[in-house]
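Let's take a friendly walk through a protein model, starting with the overall fold and ending with a few individual residues. Have your viewer ready.

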Amino acid sequence: MPPLESLVAVVERLRGPDGCPWDRRQDARSLMPYLVEETYELVDAVERGDPTAQAIEIGDLLYLLLLLVRIGTEAGSFDLDRVERAAVGKMERRHPGLFQGTRPVPVGAPMGSQAAWEARKAEERSGASALDGIPRQLPALLRAHRVAEKAARVGFDWPDRQGVLAKIEEERDELDEALASGEPAAIRREYGDLLLALANLGRFLGVPGEDALREASHRFEARFRALERVAASRGLDLHGSDLAVLEDLWREVKALERA
């Protein structure tokens, strides 16, 4: 039996009358947290460059997707054939140079290729906003990047990086004013505006903010754990240590990284 058919059969067995109680009681909404979790586990495996883990996480995610399809089939909403036709049709429409005999976008024009892709998506959503198609459930920093990216494709953007840097300075000044006012709503609003401007800077640097922040968080975690180990080896209690001592340990840990 082909691999996908085998997994489909497993899903059908688990959802069957005498199947697994957990699988049988799931619906589309209850599966959402697991989809998010498994997606991030796959992202983590890719970032670690671990092919074995990638295969496992792809399998976990594929199982959940097929479970969703099975739930849709049982409800009479859609089935795997419909899902496949929708995916194939969409890819063929968005790559007419490959599937419909029209002139393909030049390989050496990546921005043009992306613009053509977005234009074809817009045609499918005739009359819709240029910002449609961005899931509200995306992590906030990633969603900020995608919203600004789509707005930029219709010309709503800064001309260069300096414009974004100036906007960051402007938003920082406004946050200072909000902090001086002590108004929680204003502080929250201006802090959000500053984060949004910083997310936009990532587009001009070619560094997605979500990736940069995740990597920075990983670095901080690794350094802090190293700091804990050094402190423990010297009999230091972090909870009772002076901030100056902790900062010295932090600099020591960073120096060891460069050694």
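The paragraphs below go from the fold to the core, the pockets and some single positions.

Please keep in mind that this is a predicted model. The chain contains 12 helices and zero strands, and reading along the sequence gives the pattern α-α-α-α-α-α-α-α-α-α-α-α. Of the 259 residues in the chain, 23% are buried.

A good place to begin is the interior. The largest nonpolar core has 11 residues, including Val 11, Leu 31, Leu 35, Leu 42 and Tyr 63. Helix H3 (28-48) and helix H4 (51-74) each supply at least two residues of this core. The largest share, seven residues, comes from H4. As general background, nonpolar side chains in soluble globular proteins tend to be buried together.

Now for the open spaces. Rolling a probe the size of a water molecule over the atoms shows where empty space is left. The largest pocket has a volume of about 450 Å³. Its lining is made of 15 residues, and those nearest the centre of the pocket are Val 36, Tyr 40, Gln 137, Leu 138 and Pro 139. Two helices, H3 and H11 (209-233), each provide at least two residues of the lining of the largest pocket. H3 gives the most to this lining, with six residues, so if you colour the model by helix, H3 is one to highlight here. By class, the lining of the largest pocket comprises 10 nonpolar, two polar and three charged residues.The second largest pocket has a volume of about 360 Å³. Among the residues that line the second largest pocket are Ala 86, Ala 87, Lys 90, Leu 142 and Arg 146. The elements giving two or more residues to this lining are helix H5 (80-94) and helix H8 (140-152), and H5 has the largest share, three residues. Here the division by class is six nonpolar, one polar and two charged residues. Leu 138 is worth selecting in your viewer: this residue is listed among those nearest the centre of the largest pocket, and Leu 138 also lines the second largest pocket.

Next, look towards the end of the numbering, at helix H12 (residues 243-258). Does the length of this helix agree with a simple estimate, and what span should its 16 residues have? At 1.5 Å a residue, the 16 residues should span 22 Å, and the end C-alpha atoms of H12 are 23 Å apart, which agrees. The N-terminal end of H12 is capped by Asp 242, which places a side-chain oxygen 2.9 Å from the backbone nitrogen of Ala 244.

Finally, two single positions are worth a visit. Asn 200 lies in helix H10 (residues 184-205). Is Asn 200 buried or exposed? Asn 200 counts as buried because its relative accessible area is 7%, and the cut-off for buried is under 20%. Asn 200 and Arg 161 are 39 residues apart in sequence, while their C-alpha atoms are 9.3 Å apart in space.

Val 43 sits in helix H3, the helix that gives six residues to the lining of the largest pocket. With a relative accessible area of 30%, Val 43 is partly exposed, since this class lies between the limits of 20% for buried and 50% for exposed. Along the chain, Val 43 and Glu 57 are 14 residues apart, and 8.9 Å separates their C-alpha atoms.

Terms used:
Residues numbered from 1 in each chain as written. Predicted model: local features only at pLDDT ≥ 70, side-chain atom pairs only at ≥ 80, totals over all residues. Heavy atoms only, no water. Helix = DSSP H or I, 4+ residues; strand = E, 2+ residues; numbered from the N terminus. Expected span 1.5 Å × (residues − 1). Polar contact = N/O pair within 3.5 Å; in protein donor to acceptor, adjacent residues only side chain to side chain. 1 Å grid on protein atoms, 1.4 Å probe; cavity = no way out; pocket = protein on both sides within 12 Å on 5 of 7 lines; lining within 4 Å. Points joined across faces, edges and corners; volume = space filled by probe spheres on them. Nonpolar A, V, L, I, M, F, W, Y, C, P; charged D, E, K, R; others polar. Core = buried A, V, L, I, M, F, W, Y, C linked by side-chain atoms within 4.5 Å. Buried < 20%, exposed > 50% of the residue type's maximum accessible area, 1.4 Å probe, protein only.
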